[in-house]
Every structure is written in structure tokens, then in C-alpha cells.
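Me: I'm new to reading protein models, and I'd like to learn with a real one in front of me. Could you take me through it step by step?

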Amino acid sequence: MNRFFALAGRIAAVAMVAGSISAFGGGSARFAQSFATTDDVEPVTLTARDIEASNQKAGAAYGALVAMWSAEFKRLGVRFAAPQLVRYRGGVRTPCGVMAPSNASYCWNSNTIYFDDVFVATQAKLAGRALGTDGDMTAIGIIAHEMGHAVAMQLGYRSRRSYENEAVADCLAGAFARQAQKDGSIEDGDIDEAFFGMAAAGDPTPEFTGDRRSDARLARLVARNSHGTREQRVQNFKDGLEGGGAACLEELR
Ligand SMILES: [Zn+2]
């Protein structure tokens, strides 16, 4: 699948999830895989065991995330309403609309993080193969990013610009990694896995056709759904990793 179609798929997916904030990136799985295939690398094969392991990590990370943000909110004198974590495959109907396959998203209306567990396990396996590790932090990073949306929105932060919301969520995922480091639950390779995941989910480069009207339309669609380039996403995660939540949101200072 070329980048334009990956992007088009993602935009369609995002458009369908009206009311939910910024999917992790609907085309990302395909995008990441198209990266792999252009490099003449075999696509990953997922086993039931891989998915089970990834779900276990996601569940453990979820518990640690809820503990961390509950404590942070308590410090601020605010109650954190922990979102639910719901797995799906091949699409799911939510109060924010239909979630497309190969995605993860936070839905404000139901205070729920939805994630396609095959998609998340695939991202972990791609990272693991590229880095020679277990790749688990890539899966955890996705859940931490969606939790970041919940945290930001519950603190009243909501930008009209997609990129700004995404940058905060990536930064808060980094802040979680910082906390995990303090807790001693970060293994060798984890931080590189997180960076890999952020980079793999960077905005695809739009393939402009030279037709002014359709190019302008495409540019607007890209801006409206922007999560940031590979470099921006890695940097935003690093900001949280180095500076904690306060580096991401004034409300957390
Ligand atoms: Zn997001």
C-alpha cells in the first residue's frame, strides 16, 4: 500500500470517529508495514501467543498508568476518572462512532480507550524484530499515548489543532516512561522501542499530484489529522521522558 492510500485510509478512519480525539493513527499499521516491505523485509507473522503477551503487557501498563495519573491528579486536588480499556478487532461501535481496524483511540464520551489488539501486537513485533528485543514498550507506548489524551482532556486541555493534542499525548506517554524508569520497571531496549513506535506512527508524507486543488485538499486533510512527523513524535515523547508531566502540560506543574 502506498503512502497516499495509507493516509487516505487513516483520514477516512478518523472522520468516522467523530467525537473521539485523535486516533493513534489508523494507517499506521499499514504504514509501518509498508516501511518494512519497501525495505524488502518480510511482514511480521503474529501468533496467538504474541497477541496474548501483548495484551498482558497492555493490561499491566494500564494498571501502572492509572496508578500514576491518579496520584498526579491527587497532588493537584483533582479526581482522575480512570478510563476503561477495551480491546477490539476488525472495528467496534462506540459512543464516538465506529472505530476502524488497526487503530487505538480515546473516546471522551464513554471515557474509554479502545485498541485493536492485533494492531498493537503487530507494532510490538515490528519493533522487536527491528531492534532485537521483545518490543513490548511499543505496545505500552500506544496505551500510554491514549491515556495521555484522557489525562489532558480531564485537565481541561483541548486544542483545536490536532498536532497540539497529539504532541501533548506523546509527551505524557514519555512522562509515563519516566515514572516507569523511577519504578525500576524499564528494561534494556524499552526506551528505544518507545522511540521506534513513535517514529513508525509519524505522519506519512503526502504524495502530491501537482493538481493544485486536490493538493490543497490533501494538505488540509494532513494538517487536520496531524500527529507530527517521525522526528516531532520522538521529540515530544523525549520531552516527557526528560521533564515529566510538567514538561507536557502547564496544568501538571
Ligand atoms: Zn492521539
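Reply: Happily! This is a predicted model. Start with Arg224, which sits in helix α8, the stretch covering residues 212-224.

Me: Is Arg224 buried or partly exposed?

Reply: The trick is to count neighbours around the residue. Arg224 has 13 C-beta neighbours inside 10 Å, so it counts as partly exposed. A residue needs 20 or more such neighbours to be called buried.

Me: How far apart in space are Arg224 and Arg160?

Reply: Keep two distances in mind here, one along the chain and one through space. Arg224 and Arg160 are 64 residues apart in sequence, and their C-alpha atoms are 9.2 Å apart in space. Try Val78 next, in the loop between α3 and β2 (84-88). Its C-alpha atom is separated by 8.6 Å from that of Leu155, 77 residues away along the chain. Val78 counts as partly exposed, because it has 13 C-beta neighbours inside 10 Å.

Me: Which residue is paired with Gln181 in this way, and where does Gln181 lie?

Reply: Gln181 lies in helix α6. Its partner is Ile191, 10 residues apart from it in sequence, with 9.6 Å from C-alpha to C-alpha. Gln181 is partly exposed, since 13 C-beta neighbours are found inside 10 Å.

Me: What do contacts look like over the whole protein?

Reply: Take the contacts between residues at least 6 apart in sequence: 71% of them join residues at least 24 apart. As for the overall inventory, the protein has 9 helices and 6 strands. Of its 253 residues, 45% are buried.

Me: How do I read the packing of two helices, say α4 and α5?

Reply: Look at the angle between the axes, and then at how far apart the axes are. Helix α4 (residues 117-131) and helix α5 (residues 136-154) pack at about 140°, with axes 7 Å apart. That angle makes α4 oblique to α5. Their crossing is right-handed.

Me: Which residues make that contact?

Reply: From α4 come Val120, Ala121, Gln123, Ala124 and Ala127, while α5 brings Asp136, Thr138, Ala139 and Ile142. Sorted by kind, the residues of this contact are 6 nonpolar, 2 polar and 1 charged.

Me: At what angle do α3 and α4 cross?

Reply: Their axes cross at roughly 95° and come within 9 Å. This makes α3 roughly perpendicular to α4. On the α3 side, the contact uses Asp50, Ile51, Ser54, Asn55 and Ala58, and on the α4 side Asp117, Val118, Val120, Ala121, Ala124 and Lys125. The contact of α3 with α4 holds 6 nonpolar, 2 polar and 3 charged residues.

Me: How do α5 and α6 pack?

Reply: Use the same steps. The angle between α5 and α6 is about 115°, and their axes are 7 Å apart. The crossing is right-handed. Among the residues in contact are Ala144, His145 and Gly148 of α5, together with Val168, Leu172 and Phe176 of α6. In this contact of α5 with α6 the residues divide into 8 nonpolar, 5 polar and 1 charged.

Me: Why might nonpolar side chains be found together?

Reply: In soluble globular proteins, nonpolar side chains tend to be buried together. Here, the largest nonpolar core has 54 residues. Leu65, Val120, Ile143, Leu172 and Phe176 touch the most other members. Elements giving two or more residues to this core include α3 (48-76), α4, α5, α6 (162-182) and α9 (230-243).

Me: What does Phe176 touch?

Reply: Leaving out residues up to four places away in sequence, Phe176 touches Leu65, Met68 and Ala144.

Me: Which backbone angles should I look at?

Reply: Look at phi, and pick out positive values in residues other than glycine. Ser102 has a phi near 60° and is not a glycine. It lies in the loop between β4 (97-99) and β5. Ser102 counts as buried, because it has 28 C-beta neighbours inside 10 Å. Asn111 is not a glycine either, and its phi is positive at about 45°. You will find Asn111 in the loop between β5 and β6.

Me: Is Asn111 buried or partly exposed?

Reply: Asn111 is partly exposed, because 15 other C-beta atoms lie within 10 Å.

Definitions and conventions:
Residues numbered from 1 in each chain as written. Predicted model: local features only at pLDDT ≥ 70, side-chain atom pairs only at ≥ 80, totals over all residues. Axes fitted to C-alpha atoms, helices over the stretch in contact; angles between N-to-C directions. Helix = DSSP H or I, 4+ residues; strand = E, 2+ residues; numbered from the N terminus. Parallel < 35°, antiparallel > 145°, perpendicular 65-115°, else oblique. Left-handed = near helix turned anticlockwise from the far one by under 90°. Contact = placed C-beta atoms within 7 Å. Nonpolar A, V, L, I, M, F, W, Y, C, P; charged D, E, K, R; others polar. Buried ≥ 20, exposed ≤ 12 C-beta atoms within 10 Å, placed from the backbone. Core = buried A, V, L, I, M, F, W, Y, C linked by C-beta atoms within 7 Å.
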